[in-house]
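Student: I have a chain to study and some questions about it. Can we go through it step by step?

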Amino acid sequence: MEPLVFTQTNSQRELLHMKDNLAAFFRDEIVGGRLAPGEKIVEVRWAKKLGLSQTSVREALNILSAEGFVQKGSGRTAQVTQLSDEDVVHSYELRAVLEGYAARVVAEKKPDLAPLEQALEDMRSAIQCHNLKGFYERDLNFHVLLAEMTGNKMLVQAVKRIILPLFAFVVIRVQGARNNQEQWMRSLDQHKRIIEALKTHDPVFAERLVIQSVDSFLKETRNVVGTAR
């Protein structure tokens, strides 16, 4: 029988809570810098340390893999997400192409942009609360929403595949760095411009503006990540 540390019963609900709690534990270890980028997370070792089954640890790591915080190949040991400078540049190059195309489609389709405007306000609230992790989570949501508004599921999958590990890596690296609110405000203004470009319903202009914005985001990311220690 699988030993339980976080719960008292063996019900499916309690098991689900335990898996989520365990994922939260590893997430905090990663974001807090106790598990460094590139560090391996050996399932057997952690299962023994926490008094849990290897299956429970594996399921928790699968959650983090879906969120971008760990990288895990088939049959391989999971490791904390690590991107080289070249990886970051390549990610932004692909983002420019994919998100630029998304902006073109959305400008043509003219959907309700209220979800993007709400995401922008959520980013603003995170800035006011000095919530760095919350800001990047809402930033991520903004770009996923933009892709989802195209109605192209394959595009959404492609965008998520690129930006999930990218945003997770940035969050990992910036913890403990000096928070520069001016950088956050510049990012907020750039996202506002994206919405304004979409409202023109000019697909060429919207695509060009997003491509330029992604280039600005790359520069900001280099500045932020470069200050992390």
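Tutor: Start with Glu99, which lies in helix α4 (residues 85-109). Helices here are DSSP runs of H or I with at least four residues, strands are runs of E with at least two, and both are numbered from the N terminus. This is a predicted model, where local features need pLDDT of at least 70, side-chain atom pairs count only at pLDDT 80 or more, and totals for chains, interfaces and linings use all residues. Residues are numbered from 1 along each chain as its sequence is written, and side-chain values use heavy atoms, with hydrogens and water left out.

Student: Is Glu99 buried or exposed?
Tutor: Buried means under 20% relative accessible area, exposed means over 50%, and partly exposed is in between (1.4 Å probe, protein chains only). Glu99 has 2% relative accessibility, so Glu99 counts as buried.

Student: Which side chain joins that of Glu99 in a polar contact?
Tutor: A polar contact is a pair of N or O atoms within 3.5 Å; within protein, one must be able to donate a hydrogen and the other to accept it, and residues adjacent in sequence count only if both atoms are side-chain atoms. At 2.6 Å, the side chain of Glu99 is joined to that of Arg95.

Student: Which residues does Glu99 touch, not counting those up to four places away in sequence?
Tutor: Contact means heavy atoms within 4.5 Å. With that rule, Glu99 touches His143, Leu146, Ile163 and Val210.

Student: Where is Lys110, and what is its phi?
Tutor: Lys110 lies in the loop between α4 and α5. Lys110 is exposed, with a relative accessible area of 52%. Most residues other than glycine have a negative phi. Lys110 is not a glycine, yet its phi is positive, near 55°.

Student: What span should helix α5 have, and how far apart are its end C-alpha atoms?
Tutor: The expected span is 1.5 Å times one less than the number of residues. Helix α5 (residues 114-128) has 15 residues, so the span should be 21 Å, and its end C-alpha atoms agree, at 21 Å.

Student: Why do the buried residues of α5 line one face?
Tutor: The buried ones are Leu116, Ala119, Leu120, Met123, Ala126 and Ile127. Seen down the axis, they fall within an arc, taken from the directions from the helix axis to the C-beta atoms. They line one face because that arc is 115°.

Student: Which helices do the buried residues of α5 pack against?
Tutor: Look at what those residues contact. Their partners are α6 (132-148) and α8 (181-199).

Student: What phi does His130 take, just after α5?
Tutor: His130 sits in the loop between α5 and α6. At 54% relative accessibility, His130 counts as exposed. His130 is not a glycine, but its phi is positive, about 55°.

Student: What arc do the buried residues of α3 cover?
Tutor: Helix α3 (residues 54-67) has 14 residues and reaches 20 Å from first C-alpha to last, close to the 20 Å expected. Its buried residues are Ser56, Val57, Ala60, Leu61 and Leu64. They lie on the same side of α3, because around the axis they cover an arc of only 130°.

Student: Which helix gives the most to the largest nonpolar core?
Tutor: A nonpolar core is a set of buried Ala, Val, Leu, Ile, Met, Phe, Trp, Tyr and Cys residues joined through side-chain atoms within 4.5 Å. The largest has 74 residues, and those with the most contacts inside it include Phe26, Ile30 and Leu64. With 15 residues, the top giver is α7.

Student: How far apart in space are Val171 and Phe69?
Tutor: Val171 is in helix α7. Val171 counts as buried, at 5% relative accessibility. In sequence, 102 residues separate Val171 from Phe69, but C-alpha to C-alpha the gap in space is 9.2 Å.

Student: Which backbone nitrogen does the side chain of Thr150 reach?
Tutor: Thr150 is found in the loop between α6 and α7 (153-174). Thr150 counts as buried, at 7% relative accessibility. At 3.1 Å, its side chain reaches the backbone nitrogen of Asn152.
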